[in-house]
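Please open the model in a viewer and keep the sequence at hand. The tour below proceeds by selections, each followed by a description of what is found there.

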Amino acid sequence: MKIGDRVVCIKTHSQGVVVKDREYSIYAKRVCKCGDVSFDVGIENLHNMNQCPCKQIYQSDAHLVSSKLFAPLQPFKSNSISKALAKEAMKEIVEQETLEVC
Ligand SMILES: [Zn+2]
């Protein structure tokens with residue numbers, strides 16, 4: 001995942017900064033000395049400070065969120081179709097196939 005990519009949150013942040021299944025864009029990326037990677041996904045940081053799990057402190061007016069909470073967004077026909085709708089459509093197809101088997 002790199003700057004400019006669309007990503008989807010796969011795990012809600014412990015403080016709800018990012019929410020599972022919501023889509024975000026990567027505006028900036030920070031790689032810590034410890035190897036931890038975090039992204040600026042456009043979330044405002046009211047404390048102007050971020051702390052890496054290794055305790056290193058970074059000043060930033062964006063809330064840097066661990067890259068572990070994101071996965072690359074897989075395009076599904078059109079970006080205008082939400083992930084939830086796509087999931088529903090898949091479920092319907094599976095159900096129809098099941099009926100035919102019966
Ligand atoms: Zn670190």
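Begin by selecting β3, β4 and β7 in this predicted model. These three strands form an open sheet in the order β3-β4-β7, with antiparallel pairing. The edges are β3, residues 28-31, and β7, residues 62-66, each of which pairs on one side only. On average, neighbouring strands of this sheet are turned by 40° against each other, direction ignored.

Next, restrict the selection to β3 and β4. The two run antiparallel and are joined by four bridges. V31 has V37 in β4 as its bridge partner. The hairpin of β3 and β4 has five residues between the strands, and G35 in this hairpin takes a positive phi near 100°.

Now move to the other pairing of β4, which comprises residues 37-44. Over four bridges, β4 and β7 pair in the antiparallel sense. Two pairs are worth labelling here: F39 has V65 in β7 as its bridge partner, and E44 is likewise bridged to A62 in β7.

Select β1, β2 and β8 for the other three-stranded arrangement. Which strands form the edges of the open sheet in the order β2-β1-β8? The edge strands are β2 (23-25) and β8 (70-72), and each pairs on one side only. The pairing in this sheet is antiparallel, and the twist from one strand to the next averages 40°. Strand β1, residues 6-9, is joined to β2 by three bridges, and the two strands run antiparallel. Within this pair, V7 stands opposite Y24 in β2. As background to both sheets, strands of a sheet pair through backbone hydrogen bonds, either parallel or antiparallel.

Keep Y24 selected and display its surroundings. Not counting residues up to four places away in sequence, Y24 touches V7, C9, V18, V41 and G42. 

From Y24, extend the selection to the largest nonpolar core. Its nine residues are V7, V18, Y24, F39, V41, L64, V65, L69 and F70. Strands β4 and β7 each supply at least two residues of this core. In soluble globular proteins, nonpolar side chains tend to be buried together. 

Turn now to the loops, starting with N48. This residue is in the loop between β4 and β5. Is N48 buried or exposed? N48 is exposed, because 12 other C-beta atoms lie within 10 Å and a residue with 12 or fewer is classed in this way. The backbone merits a torsion display: N48 has a positive phi of about 55° although it is not a glycine. Most residues other than glycine have a negative phi.

Select S60 next, in the loop between β6 and β7. Leaving aside neighbours within four places in sequence, S60 is in contact with N45, N48 and N50. A distance monitor between the C-alpha atoms of S60 and H47 should read 8.5 Å, for residues 13 apart along the chain. Why does S60 count as partly exposed? S60 has 16 C-beta neighbours inside 10 Å, and therefore lies between the exposed limit of 12 or fewer and the buried limit of 20 or more.

The last residue to select is K55, which is found in the loop between β5 (49-51) and β6 (57-59). K55 counts as exposed because it has 7 C-beta neighbours inside 10 Å. Its phi is near 85°, a positive value in a residue other than glycine. A second distance monitor can join K55 to C34: these residues are 21 apart in sequence and 9.9 Å apart in space, C-alpha to C-alpha.

Finally, clear the selections and view the whole chain. There are one helix and eight strands, and along the sequence the chain follows the pattern β-β-β-β-β-β-β-β-α. Colouring by burial shows that buried residues make up 12% of the 102 residues in the chain. For a contact map, consider the contacts between residues at least 6 apart in sequence: 42% of these join residues at least 24 apart.

Terms used:
Residues are numbered from 1 along each chain as its sequence is written. This is a predicted model: local features need pLDDT of at least 70, side-chain atom pairs count only at pLDDT 80 or more; totals for chains, interfaces and linings use all residues. Two strands pair if DSSP finds at least two bridges between them. Axes are lines fitted to C-alpha atoms, for helices over the stretch in contact, and angles run from 0 to 180 degrees between N-to-C directions. Two residues are in contact if their C-beta atoms, placed from the backbone, lie within 7 Å. A nonpolar core is a set of buried Ala, Val, Leu, Ile, Met, Phe, Trp, Tyr and Cys residues joined through C-beta atoms within 7 Å.
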